[in-house]
Amino acid sequence: MVIVGRLLNTDWCQCTNCSQMNSVPESICCRERDELRDLFSSEINCITRHAMFNKRCLSQDQLIHTLYLIGTFTGKVQNVHANR
Ligand SMILES: [Zn+2]
Ligand SMILES: [Zn+2]
């Protein structure tokens, strides 16, 4: 997977809740996360749609989505791709 070219667009987003980010490591979709894959279903297309998630952040989906992804992905993106 190529992670360059993610700036100034959200073409990489598969959940439709991601927004344009200032750096490539931040520009990652929750759907790209292997350990989150089990949480998704036909009704839950984004981590923010998961019940566990909604209880905590009903009104702040976008913010939490971003914070969550940054916190989870920082420093891990390169390892994921190095293993491919
Ligand atoms: Zn997304
Ligand atoms: Zn998402």
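**Figure 1. Leucine 8 in the segment before H1.** In this predicted model, leucine 8 is placed in the segment that precedes helix H1. Leucine 8 counts as exposed, because it has 10 C-beta neighbours inside 10 Å, and a residue is called exposed when that number is 12 or fewer. The backbone at leucine 8 has a positive phi of about 65°, although the residue is not a glycine. As background for this view, most residues other than glycine have a negative phi.

**Figure 2. Threonine 16, a residue with a positive phi.** Threonine 16 lies in the segment before H1, and its phi is near 75°, a positive value in a residue other than glycine. Is threonine 16 buried or exposed? Threonine 16 is exposed, because 10 other C-beta atoms are found within 10 Å.

**Figure 3. Tryptophan 12 and the residues that it touches.** Tryptophan 12 also belongs to the segment before H1, where it is partly exposed, with 18 other C-beta atoms within 10 Å. The count for tryptophan 12 falls in between the two limits, since a buried residue needs 20 or more such atoms and an exposed one has 12 or fewer. When residues up to four places away in sequence are not counted, tryptophan 12 touches Arg6, Ser27 and Cys29. The C-alpha atoms of tryptophan 12 and arginine 31 are separated by 9.8 Å, while the two residues are 19 residues apart along the chain.

**Figure 4. Glutamine 14 and its contacts with Cys29 and Arg31.** Glutamine 14 is found in the segment before H1, and it is partly exposed because 15 other C-beta atoms lie within 10 Å. Which residues does glutamine 14 touch, if those up to four places away in sequence are not counted? The contacts of glutamine 14 are with Cys29 and Arg31. From C-alpha to C-alpha, glutamine 14 and isoleucine 28 are 9.5 Å apart in space, and in sequence they are 14 residues apart.

**Figure 5. Isoleucine 28, cysteine 30 and the largest nonpolar core.** Isoleucine 28, whose place is in the segment before helix H1 (51-54), is buried, because 23 other C-beta atoms lie within 10 Å and 20 or more are enough for a residue to be called buried. Isoleucine 28 is one of the seven residues that make up the largest nonpolar core, and the other members are Cys18, Cys29, Cys30, Cys46, Ile47 and Leu69. Leaving aside its neighbours within four places in sequence, cysteine 30 is in contact with Cys15, Leu36, Cys46, Ile47, His65 and Leu69.

**Figure 6. The helices and the confidence of the prediction.** The chain has three helices and zero strands, so that, read along the sequence, it follows the pattern α-α-α. Buried residues make up 13% of the 84 residues in the chain. Of the contacts with a separation of 6 or more, 38% are accounted for by residues 24 or more positions apart. The chain averages a pLDDT of 74, and 62% of the residues score at least 70. Where in the chain is confidence lowest, and where is it highest? Confidence is lowest in helix H3 (residues 77-82), at a mean of 48, and highest in helix H2 (residues 61-73), at 67. Over residues 77-81 the pLDDT is below 50, and this stretch has five contacts in the model beyond near neighbours in sequence.

Definitions and conventions:
Residues are numbered from 1 along each chain as its sequence is written. Chains are lettered from A and ligands numbered from 1 in the order in which they are written. This is a predicted model: local features need pLDDT of at least 70, side-chain atom pairs count only at pLDDT 80 or more; totals for chains, interfaces and linings use all residues. A nonpolar core is a set of buried Ala, Val, Leu, Ile, Met, Phe, Trp, Tyr and Cys residues joined through C-beta atoms within 7 Å. Two residues are in contact if their C-beta atoms, placed from the backbone, lie within 7 Å. Helices (H or I, at least four residues) and strands (E, at least two) are DSSP runs, numbered from the N terminus. pLDDT is the predictor's confidence in each residue, from 0 to 100.
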